[in-house]
Amino acid sequence: MRQASLKRLPSRFLVTGGAGFIGHRTVSVLLDADPGAEAAVLDNLSVAMPMPAGRERLVAYEGDIRDRMRVDQVLAEFRPDTIVHLAAVHHIPTCERQRAYSLDVNVVGTETLLDAAEAMGVARFVLASSGAVYDWRDGALDETDTPLRARDNYSIAKHTNEYQVGFWGDRTGGFARIARIFNTIGHDDPNGHLVPDIIKQIPAGQKSVDISLGNLSPRRDYIHADDTARAIAAIACEIGPPAVDVYNVASGQDVSVQELVALLGQVMGIAIRVDEDPAKKRRIDRPSQLGATGKIERRLGFRASKSLRIALEDIVRHLNRELALSP
Ligand SMILES: NC(=O)c1ccc[n+]([C@@H]2O[C@H](COP(=O)([O-])OP(=O)(O)OC[C@H]3O[C@@H](n4cnc5c(N)ncnc54)[C@H](O)[C@@H]3O)[C@@H](O)[C@H]2O)c1
């Protein structure tokens with residue numbers, strides 16, 4: 001029975017964390033892509049983003065992934081064929097400061113969901129993992145060849161999640177996909193502080209400014225949030241084989257913090273001079289994190305389509321609108 005459902009195109013998606021930065025975009029992409037698709041969101045609204053609303057074929061459940069009774073109730077009522085698991089404590093400083101709490105949500109919460117999915121016979125599970133699970137290496141980090149090595153509490157959880165999902169796939173014969181998401185950027189990010197931090201240091205009307213930040217040299221692969229959502233939807237709609245597989249979700253291009261600040265200056269029409277502030281430096285900060293994009297391009301035809309400049313323009317436009325509306 002499970003094998004038959006693995007080959008059928010998925011059409012009922014439960015998106016945990018569907019109220020979040022990536023989640024609300026993913027829900028929209030899934031519903032837009034297929035007029036026969038239905039989606040449900042399970043989210044405890046802990047990052048204070050609103051529940052997605054105002055769409056047909058969408059149902060919202062407020063609840064915590066660690067609450068087994070609530071999860072069972074949602075699965076029994078909505079009957080998803082696919083769970084897209086995005087709910088997590090994603091704010092890295094919170095993961096370091098509140099270590100037991102973040103592991104409880106990110107590891108125990110994931111296990112609660114997997115166990116409930118197994119009990120209910122849900123055939124397909126997509127996990128939001130992270131590019132942070134890779135060992136620190138120069139050059140593009142590759143799904144097949146680059147070793148994994150967790151170096152902080154957040155990546156410990158994501159690395160563990162990958163094992164949990166793999167074990168679930170082996171145990172149940174279910175379809176499991178792991179999306180290793182790289183630095184996603186866009187407006188409405190409750191955890192993304194770099195660009196708002198920079199903008200807040202620029203007094204209104206100023207045409208040139210000096211600011212200070214933490215480490216300036218680390219290079220990151222920034223992917224627009226709309227592209228991340230498209231990639232996750234493509235992964236969620238894939239039909240096997242193999243039963244368990246991994247994809248990077250990345251743009252395939254990296255820039256340093258210094259280069260990002262220069263580009264932001266261009267977007268805002270401001271000359272920004274930036275200094276490194278030792279007090280703001282992260283103790284643990286990998287020098288580079290670039291994702292190899294060949295596998296997802298080859299297998300799913302996915303390619304990031306929105307540039308970093310577009311992401312920065314979106315963020316600036318939204319922040320300016322918020323500032324204009326604030327009393
Ligand atoms: N944003 C990125 O750059 C990035 C990079 C790599 C991986 N990821 C992963 O992608 C996923 C989505 O990230 P995001 O940027 O949208 O984060 P986000 O914080 O905006 O969204 C997470 C959502 O999960 C919900 N949530 C948290 N704890 C919950 C719980 N116990 N029960 C139910 N819901 C809960 C939150 O309310 C929020 O709506 C996360 O798993 C994150 O770790 C994100």
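## Two domains and a helix pair

The domain assignment splits this protein into domain 1, covering 2–184 + 223–249, and domain 2, covering 193–221 + 253–290 + 308–321. Please keep in mind as you look around that this is a predicted model. The briefing below starts with how the two domains meet and then turns to the packing of helices α3 and α5.

**Where the domains meet**

- Between the C-alpha centres of domain 1 and domain 2 there is a distance of 29 Å.
- The contact between them involves 12 residues from domain 1 and 10 residues from domain 2.
- On the side of domain 1 that touches domain 2, β6 (140–141) and β10 (219–224) each contribute at least two residues.
- That side of domain 1 is made up of 5 nonpolar, 4 polar and 3 charged residues.

**How α3 and α5 pack**

- Helix α3 spans residues 68–78 and helix α5 spans residues 99–120; their axes are 10 Å apart and make an angle of about 40°.
- An angle from 35 to 65 degrees falls in the oblique class, so α3 and α5 are oblique to each other.
- The two helices, α3 and α5, cross in a right-handed sense.
- From α3, the contact draws on Arg68, Val71, Asp72, Leu75 and Ala76, while α5 brings Thr112, Leu113, Ala116 and Met120.
- Sorted by class, the contact of α3 with α5 comprises 6 nonpolar residues, 1 polar residue and 2 charged residues.
- The charged residues there are Arg68 and Asp72 of α3, and the polar one is Thr112 of α5.

Note on methods
Residues numbered from 1 in each chain as written. Predicted model: local features only at pLDDT ≥ 70, side-chain atom pairs only at ≥ 80, totals over all residues. Axes fitted to C-alpha atoms, helices over the stretch in contact; angles between N-to-C directions. Helix = DSSP H or I, 4+ residues; strand = E, 2+ residues; numbered from the N terminus. Parallel < 35°, antiparallel > 145°, perpendicular 65-115°, else oblique. Left-handed = near helix turned anticlockwise from the far one by under 90°. Contact = placed C-beta atoms within 7 Å. Domains from an automatic or database assignment.
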